[in-house]
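Colleague: Could you take a close look at one part of this for me, the salt bridges, and then set them against how the pieces pack together? Keep it relaxed, but give me the numbers.

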Amino acid sequence: MTHLTAFNISVDFPLYHSENRSLKKTILSKSASRFGRDRNSRPVVQALRDISFTLRSGDRLGLIGANGSGKTTLLRALSGIYQPTNGSLSMEGRLTSLLDPGQGMNMDLTGRENIRLRGYFLGLPRPEIDRLEADVEDFSELAQFLDLPVRNYSSGMVVRLAFAMATAFPPEMLLMDEWILAGDASFMEKAKARIESMVRHADVLILASHSAAILAEWCNRLIWLDQGRIRQDGAPMVVLEDYLPPYQFEELVKGLDIPKLA
Amino acid sequence: MAELSQSDAVLRTFRTQSHFTLSADRGWIQRFQLALTDVRDGIRLWRLSWTLGLSDIKLRYRGSALGPFWLTLSTAIMIASMGILYSYLFHVKTHDYLPYITVSIVFWNYLNTLITDGCNCFIQADSLIRGTRMPFTVHALRSVVRNTIVLAHNLIVIVGVFLIMRLPVSWEALWAVPALMLWLVDAYALSLFLGAFCARFRDVPQIVMALLQVVFFITPIMWYAKVLESHPKADLLIRFNPFYYMLDIVRAPLLGRPMPVDVVLKALIVSIVIFAIAAFGFARTRGRIAYWV
């Protein structure tokens, strides 16, 4: 059934267009360990190093780590966008990734036109595209805004549209970056309900976020990325206890306890 | 109930394609396999390329009164002024020269934008490329579709000139159709290669544009090829000019000129060279394009 295996994945970013040498030097002096050279001795940033894990149906993996620790790069590599420099990726199951709010959307086209574009991308027959459109219209609650160019949307509206499009036909694996948090409270409830129903159908979720509360609530496994490596891999509260400063962790535990008591 | 069974069918079709593996570069066999899969998947998504290309044109002219027919109009104005001016300058009859320059300019513009847009096909689609896994060939096809839509608008000018000049059109003109098919395939292949190459080396699009400018003047587009027949050295400009052969396989049948077999053969040789370069170039670079854009 649905599974995803990452085996020793490493990703090196070539530094081709880094004309600004002084900037490069500043970065180099700060975190020299991640700047290396590849086989042809070209300068690279080692964005990911030896990432291995396996996910099965029902796993909801959270990715946490400082800015630039490789969360988004890992999501892109898992989506099959970046061919890894080393290692391999294998999966069974239909994957949808939500990496950029505006990804795969043409900002000048209307919401409705973008939905049809998405339908063509999925290779859907016409009646299915109509169903997709109806579903997105219903879920995103964008009403007449769907007939305006996406350029005119607020960022929250773009998120609604992107999320609705990505989950209209429940994917078996859903990869999300943290921008999903740009939705308002009522939308977040809806989004969570949809993801929960998705996970109830024994599917896989991977979520990168800085919000400990969201990760603790949505995930049942956490990977802490540090400088492109896995620093810790385990149950959310265990990893968060080490990741967060003590006072923040206490607050998180308190915050999570309140709804349980009520 | 009917609805349920339908969605099951859709899910099944998804499931058949749901297995996916990707490993680090393992040499040429894997590269060609990935490139072939990319071409196959891209062709399967032709409706996506078509819609993207069409919306490029629609958006460019959204809100303008004439819309894409500005293309037709601006080409018509350019050809009318050039046709009259240059027929005086070259001392040739406007009646012969105008159809020649019309066909030449329309198809040269098509060829020119196919190449320059091909250079930018991946650079322009950077947000799509970094946002989702999508066959890279979709972007090359999008560029070909976009420029072919532009050509369709400019063909009106050719038809107009032929009608106004009351030129005879024979069935021989239909030979332009297979020639254009060859162009489409060549442009698709060339976009895959040039698009990747230009994503890596950002100076190349500028170099290509500058070179095409030169090609425009050294290729018989505004002037007749027979002008150079008496100059053995200048004749090399034509004999070793791949653009001349590619242009002539479309131009000759439309102008009712006989198409020599050697021109067709040379156009085919040029195409084979393009395929070979594109196949190796695309297979080699495919996995790196996402890093480059």
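Modeller: Asp233(A) is partly exposed, with a relative accessible area of 35%. Bear in mind that this is a predicted model. The partner of Asp233(A) is Arg221(A), and their side chains meet in a salt bridge at 2.8 Å, N to O. Arg221(A) sits in strand E9 (residues 221-226) of chain A and Asp233(A) in strand E10 (residues 229-234) of chain A, so this pair ties together parts 12 residues apart in sequence. Arg221(A) is buried, its relative accessible area being 18%. The cut-off for buried is under 20%, so 18% puts Arg221(A) in that class, while Asp233(A), at 35%, is partly exposed.

Next, the helices. Asp130(A) and Arg116(A) also pair up through their side chains, with 3.2 Å from N to O. Here the link runs between helix H4 of chain A, which holds Asp130(A), and helix H3 of chain A, which holds Arg116(A), so parts 14 residues apart in sequence get tied together. Asp130(A) counts as partly exposed at 41% relative accessibility, and Arg116(A) is partly exposed too, at 23%. Both of them belong to a network of salt bridges that also links Arg112(A), Glu133(A), Glu137(A) and Asp147(A). As background, side chains of opposite charge can pair when their charged atoms come close.

Over in chain B, Asp235(B) and Arg239(B) form a salt bridge, with the closest N and O atoms 3.9 Å apart. The salt-bridge cut-off is within 4 Å, so the 3.9 Å pair counts. Asp235(B) is buried, with 19% relative accessible area, whereas Arg239(B) is partly exposed at 45%. Over all chains, a search of the whole structure turns up 27 salt bridges.

So what happens between the chains? Across the interface of chain A and chain B the rule finds one salt bridge. That pair is Glu113(A) with Arg62(B), the closest N and O atoms being 3.5 Å apart. Polar contacts between chain A and chain B come to 12 residue pairs, both residues at pLDDT 80 or more. On the chain A side, strand E1 (3-14), strand E5 (86-92), helix H3 (111-121) and helix H4 (126-140) each supply at least two of the residues that touch chain B. The largest share of that side, seven residues, comes from E5(A). By class, the side of chain A that touches chain B has 21 nonpolar, 15 polar and 10 charged residues.

As for the extent of that interface, 46 residues of chain A are in contact with 41 residues of chain B. The two chains bury about 3900 Å² between them, and carbon and sulfur atoms give 56% of this area. In chain A, Gln83(A), Tyr120(A) and Phe121(A) lose the most area to chain B, together 18% of what that side buries.

Now the packing inside chain A. The chain is divided into domain 1 (1-94 + 173-183 + 203-262) and domain 2 (95-170). Contacts between these domains of chain A involve 18 residues of domain 1 and 14 residues of domain 2. Domain 1 and domain 2 of chain A bury about 1400 Å² between them, with 66% of it on carbon and sulfur atoms. On the domain 1 side, Arg94(A), Leu174(A) and Trp179(A) lose the most area to domain 2 of chain A, together 46% of what that side buries.

For your salt-bridge tally, the rule finds zero across the interface of these two domains of chain A. There are, however, six residue pairs in polar contact between domain 1 and domain 2 of chain A, both residues at pLDDT 80 or more. Helix H2 (71-78) and strand E7 (173-176) of chain A each supply at least two residues of the domain 1 side that touches domain 2. E7(A) gives the largest share of that side, four residues. Sorted by class, the domain 1 side of chain A that touches domain 2 has 12 nonpolar, three polar and three charged residues.

To round off chain A as a whole, its secondary structure comes to nine helices and 10 strands. Of its 262 residues, 51% count as buried. Among the contacts in chain A with a separation of 6 or more, 70% are between residues 24 or more positions apart.

Conventions
Residues numbered from 1 in each chain as written. Chains lettered and ligands numbered in written order. Heavy atoms only, no water. Domains from an automatic or database assignment. Contact = heavy atoms within 4.5 Å. Buried area = accessible area lost by both parts, 1.4 Å probe. Polar contact = N/O pair within 3.5 Å; in protein donor to acceptor, adjacent residues only side chain to side chain. Nonpolar A, V, L, I, M, F, W, Y, C, P; charged D, E, K, R; others polar. Buried < 20%, exposed > 50% of the residue type's maximum accessible area, 1.4 Å probe, protein only.
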